[in-house]
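Work through the exercises below with the sequence and structure open. Try each task before reading its solution.

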Amino acid sequence: MASLLRAAATWGLFPWRGYCSRGTQGELSKGFVEALKAVVGSPHTSTAAADREQHGHDESMHRCQPPGVVVWPQNVEQVSRLAALCYSQGVPIIPFGTGTGLEGGVCAVQGGVCMNLTHMDRILKLNVEDFSVVVEPGVTRKTLNTYLRDSGLWFPVDPGADASLCGMAATAASGTNAVRYGTMRDNVLNLEVVLPGGRLLHTAGPGRHFRKSAAGYNLTGLFVGSEGTLGLITAATLRLHPAPEATVAATCAFPSVQAAMDTTVHILQAAVPLARIEFLDEVMMDACNRYGRLTCSVAPTLFLEFHGSERALAEQIERAEEISQHNGASHFFWAKEAEERSRLWAARHNAWYATLALRPGCKGYSTDVCVPISRLPEILVQTKEDLKASGLTGTIVGHVGDGNFHCILLADPEDAEELRRVKAFGEHLGRRALALHGTCTGEHGIGLGKRQLLQEEVGAVGIEIMRQLKAMLDPRGLMNPGKVL
């Protein structure tokens, strides 16, 4: 064990050594596991099958591929020592947060060590006057906003799940508020990253939390969305926003998908400052009614939310309602009080579980794309037609204010033909988005499932540059292998 730890300190001097027993991928030597325990302690190290399987999958349909061992580091020093140890022995490293990803980003395709970072859960520093906060990877968005409740500030990026904030940075997450407040790419000011060999990087410099900079390459932007393939994010400095003085939410139903999408585009073109504008198709609304015992109209529906002063909100609501009615909207419902807004948004927040309830026992596959706003009506109408023609059970829900939407498809995990059709539908949707000058993923990331689509999106030169960056930072290819590239 001592020799392993010494090797970790000078990994670059040692040739690669395989850690797997012959014919058994992912089986780590007893000595290596003992070396891990020497870093984090036996209570924070597990080779139990249940723990390994829990950390071998996320919320996606990708099959479970468990790591050889799971460790729970308690601080950045331990993460650094673990990374150096793994790299010295040629052992893959897979970061793990809350496991709420949707593209197989935590699957240990080559076995290795899963680093569960949730025990590092401190809010390190709040700068109220500078509108920033520093958090460790175990802090989730709900925990942070509870902590901020009396400060007059909040963190608005909301992907739906109560995901870890550093995990959200790693996947470039966004969500319902992105149309007004931006995505994680717009709200991360600095990152503390443990590089593959154990070195510590502060992407904007130690302790810095400025709003803008023209100094050198944007290293923070490089690691946001890197999906654990370049390093382990151990702290994030985030941009905070003033809590709105007043909030009003609304829903309205439309005679067609086209009418709902036209309304979305027209509201945005009219510069109405929306905080959220979400779309649910009629299948999704029916599922939400059944799941939540609601009585919403079973029709293509927009959910809207406005933030601002009382006077400003009155003008925004009037303009949005006028545009919506011009496109045939009906069944308007407005909510000002927090309890009313929560009831109104219940359908949107329960969309995933409501869809799963349509076919109990089936697995859900959620794929997302994003296109320029002007092409949104076209792709959504075409996607609805494709979904009907496919014979698959599925719903459509989207953050349409920024051109991003999701198809949630259901499939019997034992039905190979149905799984094939789900995969084919997702690939076709991705290519349709690319043909309309969009992207194959607006917020879920590439993970395991969209590597080919990424190549088609950025082209041969783009992929080559990405591979060169990966090889420079991770020459052994041990950081979350098999993902993105």
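The model is predicted.

**Exercise 1. Salt bridges**

Task: Find which residues are linked with D281 in a network of salt bridges.

Solution:
- Start at D281. The network links D281, E282 and K384.
- Then take the total. The model has 18 salt bridges.

**Exercise 2. Two pairs within helices**

Task: For the salt bridges E339 to R343 and R420 to E417, work out the spacing along the helix and the exposure of each partner.

Solution:
- Take E339 and R343. Their closest N and O atoms are 3.4 Å apart.
- Both sit in helix α13, four residues apart, so about one helical turn separates them.
- Exposed means over 50% relative accessible area. E339 has 57%, so it counts as exposed. R343 has 51%, so it is exposed too.
- Now take R420 and E417. The N to O distance is 2.7 Å.
- They are three residues apart in helix α16 (residues 416-435), so about one helical turn separates them.
- R420 has 46% relative accessibility, so it counts as partly exposed. E417 has 42% and is also partly exposed.

**Exercise 3. A pair across the chain**

Task: Locate D158 and R141, and decide whether they are buried or exposed.

Solution:
- The two side chains meet in a salt bridge of 2.9 Å, N to O.
- D158 lies in the loop between β7 (153-154) and α6 (165-170), while R141 lies in helix α5 (residues 141-147). The partners are 17 residues apart.
- Both D158 and R141 are buried.

**Exercise 4. The cores**

Task: Identify the helix that gives the most to the largest nonpolar core.

Solution:
- The largest nonpolar core has 40 residues. Those with the most contacts inside it include M261, F279 and L302.
- Helix α10 (residues 257-269) gives the most, with five residues.
- Check M261. Beyond its neighbours within four places in sequence, its contacts include F279, L302, P377 and V400.
- A second, separate core has 30 residues, among them F223 and I233.

**Exercise 5. A loop threonine**

Task: Decide whether T203 is buried or exposed, and find its side-chain polar partner.

Solution:
- T203 is in the loop between β9 (200-202) and α9 (219-223).
- Its relative accessible area is 8%, so T203 is buried.
- A polar contact of 3.2 Å joins its side chain to that of N190.
- Leaving out residues up to four places away in sequence, T203 also touches L191, V193 and F223, among others.

**Exercise 6. A surface patch**

Task: Name the residues that form a nonpolar patch on the surface with L469.

Solution:
- L469 belongs to helix α17 (residues 451-473).
- Its relative accessibility is 32%, so L469 counts as partly exposed.
- V461, I465 and M472 join L469 in the patch, with about 400 Å² of accessible area together.

Definitions and conventions:
Residues are numbered from 1 along each chain as its sequence is written. This is a predicted model: local features need pLDDT of at least 70, side-chain atom pairs count only at pLDDT 80 or more; totals for chains, interfaces and linings use all residues. Side-chain values use heavy atoms; hydrogens and water are left out. A nonpolar core is a set of buried Ala, Val, Leu, Ile, Met, Phe, Trp, Tyr and Cys residues joined through side-chain atoms within 4.5 Å. Buried means under 20% relative accessible area, exposed over 50%, partly exposed in between (1.4 Å probe, protein chains only). Helices (H or I, at least four residues) and strands (E, at least two) are DSSP runs, numbered from the N terminus. Contact means heavy atoms within 4.5 Å. Patches are made of residues with over 30% relative accessible area and no salt bridge: like charges are joined within 9 Å, nonpolar side chains (Val, Leu, Ile, Met, Phe, Trp, Tyr) within 5 Å. Accessible areas come from the Shrake-Rupley method with a 1.4 Å probe; for residues, only the protein chains shown count as cover. A salt bridge is a side-chain nitrogen of Lys or Arg within 4 Å of a carboxyl oxygen of Asp or Glu. A polar contact is a pair of N or O atoms within 3.5 Å; within protein, one must be able to donate a hydrogen and the other to accept it, and residues adjacent in sequence count only if both atoms are side-chain atoms.
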